[in-house]
Amino acid sequence: MLSQRVRTMEESATLAMNKLRLDLRAKGRKVFNFSVGEPDFDTPPFIRRAAYEALESGWTRYTAVEGVPELRDAVASHAGGLRGERIARDEVVITCGAKHACANVLLAIVDPGDEVLLPAPYWVSYPEMIRLADGIAVPVLGPRENGYRVTPELLLPKVTPRTVGLIVNSPGNPTGCVYNPREIAALVAFAKAHDLWILSDEIYDRFVFAGEFASPYRGEGRARTFLVGGLSKTCAMTGWRIGWAIGERETIAAIGRLQGHTTSNIAAVSQAAALAALAGMDDPALRSMVEEFARRRARVIALLSELKDVYFTPPEGAFYVFLDIGAHLQRRRANPLEFCIRLLEETGVALVPGDAFGDPRGVRLSYARPLDELEQGIHALASYLSK
Ligand SMILES: Cc1ncc(COP(=O)(O)O)c(C=O)c1O
């Protein structure tokens with residue numbers, strides 16, 4: 001009954017973990033949910049108010065498939081401002097979150113058998129999206145010593161005549177790595193030398209706590225880059241489904257046609273909320289959320305540094321830490337999923353196993369949780385590891 005396409009899609013490794021976590025919570029057990037991929041803050045009041053007002057004033061109908069013109073303009077100016085580029089309305093399409101933007105870019109530019117270089121550890125959905133577009137994901141593991149960042153030297157041996165593109169995700173999920181301007185320039189030069197496009201997922205662009213943010217959507221990299229962004233993380237708006245893809249006009253128009261036959265426009269009320277959010281990026285509620293993440297990051301790095309036989313590179317951005325627990329896995333003769341299940345059962349600490357991100361030595365910890373919960377949970381993790 002099921003199509004080949006859906007049958008070969010991997011189930012998320014986090015589902016089993018999630019079920020177990022919910023079972024434990026239902027039994028009244030204390031759970032430290034460090035597996036979350038979203039800010040633990042509510043959408044700020046000024047954005048919610050704009051949405052109520054929009055509903056009252058009739059933002060309840062279909063809109064242009066690519067998004068209302070004023071929102072495309074607002075995104076162009078927001079994304080262009082941070083990257084020092086002037087972006088036109090018809091280079092922007094509004095999508096149902098950054099996930100939809102990545103999927104649509106790949107569907108629009110990947111042909112069957114095309115190979116896409118995928119730096120690992122990677123965000124779980126990229127390989128499945130590449131497969132959905134009938135492409136082939138070619139993972140390239142970045143070394144922990146280099147903050148999990150890949151270099152042209154690491155990518156080069158994986159290039160074949162079928163290689164068409166490269167995924168860049170900085171700040172990155174699950175490692176929090178941030179590529180600096182020099183590293184981004186080297187990747188752009190590599191892409192140019194091999195005539196590759198770049199899909200640059202910059203959903204965490206406002207969460208940079210160390211190092212310097214850089215985007216390949218700039219200068220000479222711009223012409224070959226598709227920039228993906230959104231408001232899910234930046235404005236604590238995961239449920240509103242607001243994302244965008246920015247790039248060369250012909251492809252953006254093709255994505256508009258694709259959406260015209262699949263999802264149509266994103267909810268009109270979400271577009272009104274997005275307009276308010278983009279106009280209020282300096283709002284204190286948004287600034288204090290970023291400051292809180294910076295505080296948590298510092299504390300979490302200090303606590304994790306004390307764990308024995310656990311290695312990590314301090315994340316520079318996003319809100320994750322990727323822990324190399326290879327020594328513990330070996331000692332316990334467990335794979336990361338088994339490790340995470342036992343850890344959850346015994347301590348209530350929920351992490352995400354690294355196999356889901358293409359690195360079977362690791363686990364991901366999200367610090368999108370209150371500071372006291374992070375402290376208690378990491379202490380519980382420490383005592384579990386010392387057993
Ligand atoms: C790297 C990365 N890209 C995209 C997304 C999806 O974002 P959205 O909720 O806007 O679809 C996520 C969410 O976890 C992510 O981590």
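This passage describes the overall fold of the chain and then helix H3. The structure is a predicted model, in which local features need pLDDT of at least 70 and side-chain atom pairs count only at pLDDT 80 or more, while totals for chains, interfaces and linings use all residues. Residues are numbered from 1 along each chain as its sequence is written.

The secondary structure of the chain comprises 14 helices and 12 strands, taken as DSSP runs (helices H or I, at least four residues; strands E, at least two) numbered from the N terminus. The radius of gyration, taken over C-alpha atoms, is 21 Å, close to the 21 Å from the globule rule (2.2 Å times the number of residues to the power 0.38) for 387 residues, so the chain is as compact as a globular protein of that length. The C-alpha trace spans about 60 × 55 × 50 Å along its principal axes. Of the 387 residues, 48% count as buried (20 or more other C-beta atoms within 10 Å of a residue's own; exposed, 12 or fewer; partly exposed in between; C-beta atoms placed from the backbone).

Helix H3 covers residues 45–56; at 1.5 Å a residue its 12 residues should span 16 Å (1.5 Å times one less than the number of residues), which agrees with the 17 Å between its end C-alpha atoms. Its buried residues are Ile47, Ala50 and Ala51. Seen down the axis of H3, these fall within an arc of 100° (directions from the helix axis to the C-beta atoms), so they line one face of the helix. The buried residues of H3 pack against helix H10 (268–279), with contact meaning C-beta atoms, placed from the backbone, within 7 Å. The face turned away from the buried side carries the exposed residues Pro45, Arg49, Tyr52, Glu53 and Glu56. Just after H3, glycine 58 adopts a positive phi of about 100°.

Notes. Contact = placed C-beta atoms within 7 Å.
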